[in-house]
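Visitor: I would like to walk through this model and ask for the reason behind each label. Please show it first.

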Amino acid sequence: MDLDPSDLLPRRDLLALAAATGALTALPAFTASAAPRRPTDSPAISSSSRNELWWQAPADEHSMIEQGLPVGNGRLGALAGNDPGRERLLLTDATMWTGGLNDTLDADGQFPYGRGDFGSFTLLGRLTVDIPDHDLSAVSGYRRTLDLAQGLVTTSYVRSGVTYRRTIFASRPDDVIVLHFTQSGGGRYTGTVTLDGTHGETTSERLSFGAAFPNGLTYGAAVTAHGTGGHVTVSGSHIAFSGCRDLTVVVSGGTDYAPDAAKGYRDTNLDPQRLARTKVRDAAAHPADTLLRTHVADHRALFGQFDISLGTSSVEQRSLDTWERLKARARDGEADPELEAAYVQFGRYLMISGSRGSLPLNLQGLWLDGNDPDWMGDYHTDINIQMNYWMADRAGLSTCFDALTDYCLAQLPSWTELTRTRFNDPRNRYRNSTGRIAGWTVAISTNPYGGGGWWWHPAGNAWLCASLWEHYEYTQSHTHLERIYPLLKGACEFWEARLLTTTLPGTSKEVLVADSDWSPEHGPLDAKGITYAQELVWALFGSYCTASARLKRDTGYADTVAALRKRLYLPRVSPKTGWLEEWMSPDNLGETTHRHLSPLVGLFPGDRIRPDGSTPKDVVEGATALLTARGTESFGWANAWRGLCWARLKNAENAYRLVVNNLRPSSGGSNGTGFNLFDIYQVEQGRGIFQIDANFGTPAAVIEMLVYSRPGHLELLPALPEAWSAAGSLSGVGVRGGFVVDLRWKDGKPTEARIRSVGGRTTTVAFGSASRAVTLRPGTSVTLKDLDR
């Protein structure tokens, strides 16, 4: 629950930074006499309207996951309903997990996978602010806004001629969530504040609660409130306020989770309830205006590192609220470039809000509407946790990636021990035929206690390492490389023990293939040499050899790994289907339109398969044929992955179609975008759930359409669709090899590109058939023009 003070600038420095950048000029005045500004009247930063989402109705209390607005400070979050008479916040902490190590296998070789053994992500509590005489039926001019650029949820409405406004934000510097209620015209607030647990806890007269799960995790939360011009008193287990001109409510909470396997993932010296009381008391000692400004300065420091414009929307489109705008986009089929750009920024907002200094984003991100999320809100290692972080480096949020690195390192001791003691168990259908075991791997599902759920996932280690390695490619951080080196080496050791030697049919050539496995998540359960594993292991071995050379470690072992890599079987194209083979078989052994693109990991997120002439033409065509067969209608995350693959193949219109598919409004639980822009995943007819990965994968696809990079190569506008071709711009886009690019284009061609080094030295910048070599020292930049010549 504690934040590392070294991660934060002092409050005075944050405020100075915000003042220098103009970030604070847009903030509403937090004074009782000042009329709250309408969002459209704010003299805010120039991009404010582009980065604001708004609605004309509050959330339905029974549909909070699809309608509530998210706030978060990286580990403490909430969904806000914004009803005038009953503000409801569903509170979460990223570490609020039941379950444990879960280190047994059942008779079928699976780890138990339920809420009682594997565990589940759960709610921390519920905060309710009741204002009985502000019932929705008694107000007019209702509007609520999510300001992505400043990290604010605001609500305004008129009652009896008085304009009321509330602002909600989750402050990382103060580690609290703040609700501030103001008005103009002589209005008053009267009502109650209540904090409730969701696991049978009792809120004390000190307005806090604390308890422990059967797994030993202790947790707690606390709230306080103060106002002006009226009375605020504690009445039993709630706060009563009456006749207040304004009201400030401050809430916080957390657990004693610690990312340390040696300590059982607990900090036994921490009292979460007491700490929560301390944090709300300390925050409440500052004026609400100071809390707001400190929060905005911190949020803007990340949000402002990237910007995107895909063109100008029509006046009619801009006049619609966000939900009506989504419906119009789907109904009319007319491009809405500002909405599409805002969707990218919404993904960035969720990343800033949900991945800073705590556990990484799980299937739910940081937001829940109950204690029973599907799949327990876990970390799926066969696509979902990886997709959550594809956007981070591309979109100027490299520091948000650290949560994934920290998680993998904290889990490594447990993963290594489970691999040693359980992987070769005779009940595990994927055990090593060699009988040897070394290193580490994971299950398909993981929790924060080192535990696995469902089947073992042999290639999961290689895919996690691929994500960790890619982050190094973007940042060129020597420190990060040193940190992930044990993960890379341990994964290589696992595969050295696992690979089998076989002779290719009809030849005398011996190759190395992966032992029996499942190509996620369909087809036979005992296939050898699946493309998914072969591609990931090929990439893993290459990354390890590079890491060894750069760190000057284990050069002898790196030679061994390099020799293994040369012997790896690489997939072929089926003479029967014309597709890239998925199972080392000419036959398609699974579902033609399956949601997973497992055999295409070499196309994306890898780049062994490239349409630039460096990959055999038949392999590129086979990958294209397989991708075509998978179709363009699936779950949001599957559409995002398809869009990324089409971007890699430079098919702009197919990639754009998949982005647009994900923007379709969800109706009756169907796949698509919810009222609050959360991606909805249809689990069965009439029932959809929130799953966050598409909210990150789709923005990643948008950026990949505009900028493609690999170390030593940067390509501009590789898959620019007609809808965005007239004019647009990007700034702060991460480039593999250690660069950042700002880009402007007009009439489908780049007009200017500024390349800045964040550690890289040389790269080639290309557009179409033209290219230029760039050499820079770290910290310097160059601006290129006339790139089509």
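Visitor: What makes β27 and β28 a hairpin, and which residue in the turn has a positive phi?

Guide: A note before the answer: this is a predicted model. Three residues lie between β27 and β28, and the two form a hairpin. G737 sits in the turn, with a positive phi of about 105 degrees.

Visitor: How do you know that β27 and β28 pair, and in which sense?

Guide: Pairing takes at least two bridges between the strands. β27 (residues 727-735) and β28 (residues 739-746) have seven bridges, in the antiparallel sense. They therefore pair under that rule. As one position along the ladder, G728 stands opposite W745 of β28.

Visitor: What holds strands of a sheet together in general?

Guide: Backbone hydrogen bonds pair them, in a parallel or an antiparallel way.

Visitor: Which strand follows in a hairpin with β28, and how many residues lie between the two?

Guide: β29 follows, with two residues between β28 and β29. D747 in that turn has a positive phi of about 50 degrees. Eight bridges join β28 to β29 (residues 749-757), and the sense is antiparallel. D742 has R754 of β29 as its bridge partner. R744 has E752 of β29.

Visitor: What makes β29 and β32 a pair?

Guide: The cut-off is at least two bridges. β29 and β32 (residues 781-785) have five and run antiparallel. E752 takes part here too, with K785 of β32 as its bridge partner.

Visitor: Now the helices. Why is α6 called oblique to α7?

Guide: α6 (residues 322-332) and α7 (residues 337-354) pack at an angle of about 120 degrees. The roughly perpendicular class covers 65 to 115, and roughly antiparallel begins over 145. The angle of about 120 fits neither class, so α6 is oblique to α7. Their axes are 11 Å apart. The crossing is left-handed.

Visitor: Which residues make the contact of α6 with α7?

Guide: From α6 come R325, L326 and R329. From α7 come E338, L339 and E340. By class, that is two nonpolar, no polar and four charged residues.

Visitor: Why are α12 and α13 called oblique to each other?

Guide: α12 (residues 478-498) and α13 (residues 531-551) pack at about 130 degrees, with axes 9 Å apart. Roughly perpendicular stops at 115, and roughly antiparallel needs over 145. About 130 falls between those limits, so the two helices are oblique. This crossing is left-handed.

Visitor: What classes of residue make up the contact of α12 with α13?

Guide: There are 13 nonpolar, two polar and three charged residues. On the α12 side, the contact includes L481, Y485, L488 and W495. On the α13 side, V537, L540, F541 and Y544 are among them.

Visitor: Why is the ring pair of Y379 and Y407 called tilted?

Guide: Ring centres must lie within 6.5 Å to pair. These centres are 4.8 Å apart, so the rings pair. Stacked means planes under 30 degrees apart, and edge-to-face means over 60. The planes here are at 40 degrees, so the pair is tilted. Y379 is in β17 (residues 379-380) and Y407 is in α10 (residues 402-422), 28 residues apart, so the pair links distant parts of the chain. The count of aromatic pairs comes to 36.

Visitor: What is the order of the open sheet that contains β17?

Guide: The order is β17-β18-β19, three strands with antiparallel pairing. β17 and β19 (452-457) stand at the edges with a single partner strand each, so one side of each has no neighbour in the sheet.

Visitor: How do you know that β17 and β18 pair?

Guide: At least two bridges are required. β17 and β18 (residues 442-446) are joined by two, running antiparallel. Y379 has T446 of β18 as its bridge partner. α10 lies across β17, β18 and β19, at about 70 degrees to β19.

Visitor: Which strands stand at the edges of the open sheet of seven strands, and why?

Guide: The order is β2-β3-β4-β5-β10-β14-β13, with antiparallel pairing. β2 (69-72) and β13 (231-235) each have a single partner strand, so one side of each is left without a neighbour in the sheet. The twist averages 20 degrees from one strand to the next. Within this sheet, five bridges pair β5 (residues 125-130) with β10 (residues 189-196). L127 stands opposite L195 of β10.

How values were computed: Residues are numbered from 1 along each chain as its sequence is written. This is a predicted model: local features need pLDDT of at least 70, side-chain atom pairs count only at pLDDT 80 or more; totals for chains, interfaces and linings use all residues. Side-chain values use heavy atoms; hydrogens and water are left out. Helices (H or I, at least four residues) and strands (E, at least two) are DSSP runs, numbered from the N terminus. Axes are lines fitted to C-alpha atoms, for helices over the stretch in contact, and angles run from 0 to 180 degrees between N-to-C directions. Angles under 35 degrees count as roughly parallel, over 145 as roughly antiparallel, 65 to 115 as roughly perpendicular and the rest as oblique. A crossing is left-handed if the near helix is turned anticlockwise from the far one by less than a right angle, and right-handed if clockwise. Contact means heavy atoms within 4.5 Å. Ala, Val, Leu, Ile, Met, Phe, Trp, Tyr, Cys and Pro count as nonpolar, Asp, Glu, Lys and Arg as charged, and the others, Gly among them, as polar. Rings of Phe, Tyr and Trp (its six-membered ring) pair if their centres lie within 6.5 Å; planes under 30 degrees apart count as stacked, over 60 as edge-to-face and the rest as tilted.
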